[in-house]
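Take the model below one piece at a time. We begin with a single residue and work outward to the sheet.

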Amino acid sequence: MTEHVLEKNASLTLTEVSFPDIDEEVYGLLAAPPDPRGAVVLAPGAGITKEREKERVEEYAMAGCAAFVLDLRGNGGETKGRGFNPDLDYLAFDAGAWPEFYKTVCDLSVARAAVSGWWKVPVYAMGASNGGRYAAIAAAADPGFSGYIGVSTSGFGLAGNQYTGNASRFLLSIDPDHAIGKISPRPVWIFHSRRDPIINFTLGEELYSRAGNPKEFIVFNGTHGENDEVDARVEDLCTSP
């Protein structure tokens, strides 16, 4: 893992991090206070690069929460690869190869393992919009995550149940609606706005309904993705004892 410090002061250190995973070099930004009380690995929404999340992760660090945001594969940042495409991913799965979705989930888990090695604090998988889907699967698959925070996200309505064989297995394997129940007894927090124009509020409710306890559904005043209200609550969750 390669680390390059971009900024350092008494409140936080901002570091550009890269690491090889499977077939790509994965890039991210890590903002951390001197003594974090918790941490998040953040998967941003489609087309959102790590640079666009710089202020957010710095704010989290100022509140006492280390935050590691990745450039997801094919998301327009430094990490190469292909963005979310279930049709192409199924062809790879059916051929016995690794779908890009799986690789992205592994990237989040590698980032979590790195954070867990740096600090002995709870590390939460967090994602917004499509990034929330990756983060949900990562939290379900990796017991090293202390819980899951999903913002303006949803599952795919258990669409895999409409098929058989490999098609069913693949679709369910990438569906947060299928995976989220496996996160329990680790906590789940789902944030959604009633005015979300991209992922309907009811889909967020459905995802929440399939989570095990403990869980909390938080309606926030906004549209789609994180805002100041969400960030303040996440900071509290991340830094609470």
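Ser 193 is buried, at 1% relative accessible area. Buried means under 20% relative accessible area, exposed over 50%, and partly exposed in between, with a 1.4 Å probe and protein chains only. This is a predicted model: local features need pLDDT of at least 70, side-chain atom pairs count only at pLDDT 80 or more, and totals for chains, interfaces and linings use all residues. Residues are numbered from 1 along each chain as its sequence is written, and side-chain values use heavy atoms, with hydrogens and water left out.

Where does Ser 193 lie? It sits in the loop between strand 8 (188-192) and helix 7 (201-209). Helices (H or I, at least four residues) and strands (E, at least two) are DSSP runs, numbered from the N terminus. The Ser 193 side chain reaches the backbone nitrogen of Arg 195 at 3.0 Å. Setting aside neighbours within four places in sequence, Ser 193 is in contact (heavy atoms within 4.5 Å) with Phe 201, Phe 220, Gly 222 and Thr 223.

Move on to helix 7, which holds Tyr 208. Tyr 208 counts as partly exposed, at 21% relative accessibility. Residues up to four places away in sequence aside, Tyr 208 touches Ile 190, Lys 215, Glu 216 and Phe 217. Gly 131 is 77 residues from Tyr 208 in sequence, and their C-alpha atoms are 16 Å apart.

Now the sheet. It is open, with 9 strands in the order 1-2-3-5-4-6-7-8-9 and mixed pairing. Two strands pair if DSSP finds at least two bridges between them. Strand 1 (2-8) and strand 9 (215-219) are the edge strands, each pairing on one side only. From one strand to the next, the twist averages 20°. Strands of a sheet pair through backbone hydrogen bonds, either parallel or antiparallel. Strand 7 (residues 147-151) and strand 8 are parallel, over 4 bridges. Ile 149 has Trp 189 of strand 8 as its bridge partner.

Helices pack against these strands. Helix 8 (residues 228-239) touches strand 4, strand 5 (65-70), strand 6, strand 7, strand 8 and strand 9. Its direction makes about 175° with that of strand 8. Axes are lines fitted to C-alpha atoms, for helices over the stretch in contact, and angles run from 0 to 180 degrees between N-to-C directions. Helix 4 (residues 130-141) lies across strand 4 (38-43), strand 6 (123-128) and strand 7. It runs at about 150° to strand 6.

Last comes helix 1 (residues 54-62). Its buried residues are Arg 56, Val 57, Glu 58, Tyr 60 and Ala 61. Just after helix 1, Gly 64 takes a positive phi of about 105°.

Conventions:
A polar contact is a pair of N or O atoms within 3.5 Å; within protein, one must be able to donate a hydrogen and the other to accept it, and residues adjacent in sequence count only if both atoms are side-chain atoms.
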